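Trainee: I would like to learn how to read a protein model. Can we go through one together?

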Amino acid sequence: MSKAVVILGAGASSDFGVPTLQGIFKDKWARQHLKRDPFLAQKLNEIFWSPRGHTLESSDQSVTIEEMLTILRDWENEPSCRKCPELDLFAEFRKRLYVLIMRAVFEGKSTKAAHLNPLIQVCDEKFEQVTWASFNWDCVFDASFWYWQSWSGPGSRVNPSLAISIDNWYGGWPKHLFLKLHGGINWWMVNGRLTYVRFASSGDLNRKWNEYSKDPNSADQPVILEPSAYKYCGDFYKLLSPQWSKFFERLCEADCIIIIGYSLPEGDAQARSKMMTAFNINKRCKWLLIDPSEATCARFIRLLGQKSLTVLRKGLVGFNHDVRAYLQQAFPDIDPS
């Protein structure tokens with residue numbers, strides 16, 4: 001049997017109702033949060049939208065969160081600028097923005113539609129080793145994998161294995177490795193230890209985020225890589241770096257690489273480095289891109305060519321119509337029957 005790497009970007013979660021960062025401010029739960037946080041709403045408008053002739057309603061046509069946070073970091077690095085806001089404003093703005101992102105990608109979202117389950121099932125059947133590499137902060141894959149196992153009966157569920165040690169993580173299925181490359185809203189530093197915070201109704205994820213949003217001196221922090229050009233600077237990247245080493249290793253030994261809804265943005269320099277280097281090293285590997293965006297498809301075709309790459313211009317739901325046939329088309333040496 002063969003080895004597979006599945007790369008999950010924002011597009012892999014969008015069919016579950018999770019907004020992309022481009023349009024996050026127009027999400028219902030993000031809007032509600034902005035009403036409860038007038039400071040954040042004011043600063044978004046004052047620093048980013050109004051000077052560019054935009055409002056909340058046209059925010060998806062203005063600078064993205066990645067660009068906002070990069071601008072703030074760049075501005076912060078110009079201390080001689082007389083119009084530079086106080087340094088504590090940067091930290092406060094980032095923190096409040098993180099809380100908004102959490103509300104938008106978590107509240108009101110559900111994996112009951114099980115859009116990832118057909119792919120998880122086929123990969124479990126047909127590959128001896130599966131690496132799930134996610135660039136998302138949300139809990140979509142975590143929940144999908146956990147509840148996909150419901151067929152095996154109560155008490156038999158386990159999480160995939162991890163490349164780093166984390167408290168509170170139930171078990172670990174060696175066949176399936178989960179790399180949460182940018183961290184996530186449910187990965188926290190608690191009492192100085194990396195800790196998995198459960199997001200189910202019996203969990204305390206909402207409580208942790210509420211405490212974080214209200215306590216300016218909170219010692220516990222969500223472990224997320226800042227969505228900006230500076231995401232690979234700082235202690236959290238160092239903490240997560242074993243995942244990146246494993247990501248590169250698995251890319252180099254994979255027979256099949258499946259990319260779902262990941263656009264490989266310019267700001268993800270490490271991701272681009274690992275993937276492009278592995279492409280040149282692992283010449284026997286076949287790649288499959290699943291993405292409805294013409295711009296994303298064109299980017300991957302330019303970077304990878306079409307000798308080893310199959311492009312499927314569909315979202316996850318469209319892919320689910322015939323998962324096995326699409327995999328057979330992309331990977332003819334793998335029997336997905």
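**Reading strands, burial and overall form**

Mentor: Start with one pair of residues: Ile258 stands opposite Leu288, a residue of strand 9. Keep in mind that this is a predicted model.

Trainee: In which sense do strand 8 and strand 9 pair?

Mentor: Two strands count as paired if at least two bridges are found between them. Here strand 8, residues 256-260, runs parallel to strand 9, and the pairing covers 5 bridges.

Trainee: Is strand 9 mostly covered or mostly open?

Mentor: A residue is called buried when its relative accessible area is under 20%. In strand 9, which spans residues 286-290, 4 of the 5 residues are buried. For the protein as a whole, 53% of the 337 residues count as buried.

Trainee: How many helices and strands does the protein have?

Mentor: There are 13 helices and 10 strands.

Trainee: What does the radius of gyration say about the protein?

Mentor: The value is compared with that of a compact globule. For 337 residues such a globule would have a radius near 20 Å, and the protein has 20 Å, so the two agree. The C-alpha trace spans about 60 × 45 × 35 Å along its principal axes.

Trainee: How far apart in sequence are the residues that touch?

Mentor: Take the contacts between residues at least 6 apart in sequence: 70% of them join residues at least 24 apart.

Trainee: What supplies the area that the protein exposes?

Mentor: The protein exposes about 15000 Å², and carbon and sulfur atoms supply 51% of that area.

Conventions:
Residues are numbered from 1 along each chain as its sequence is written. This is a predicted model: local features need pLDDT of at least 70, side-chain atom pairs count only at pLDDT 80 or more; totals for chains, interfaces and linings use all residues. Side-chain values use heavy atoms; hydrogens and water are left out. Helices (H or I, at least four residues) and strands (E, at least two) are DSSP runs, numbered from the N terminus. The radius of gyration is taken over C-alpha atoms; the globule rule is 2.2 Å times the number of residues to the power 0.38. Buried means under 20% relative accessible area, exposed over 50%, partly exposed in between (1.4 Å probe, protein chains only). Contact means heavy atoms within 4.5 Å. Accessible areas come from the Shrake-Rupley method with a 1.4 Å probe; for residues, only the protein chains shown count as cover.
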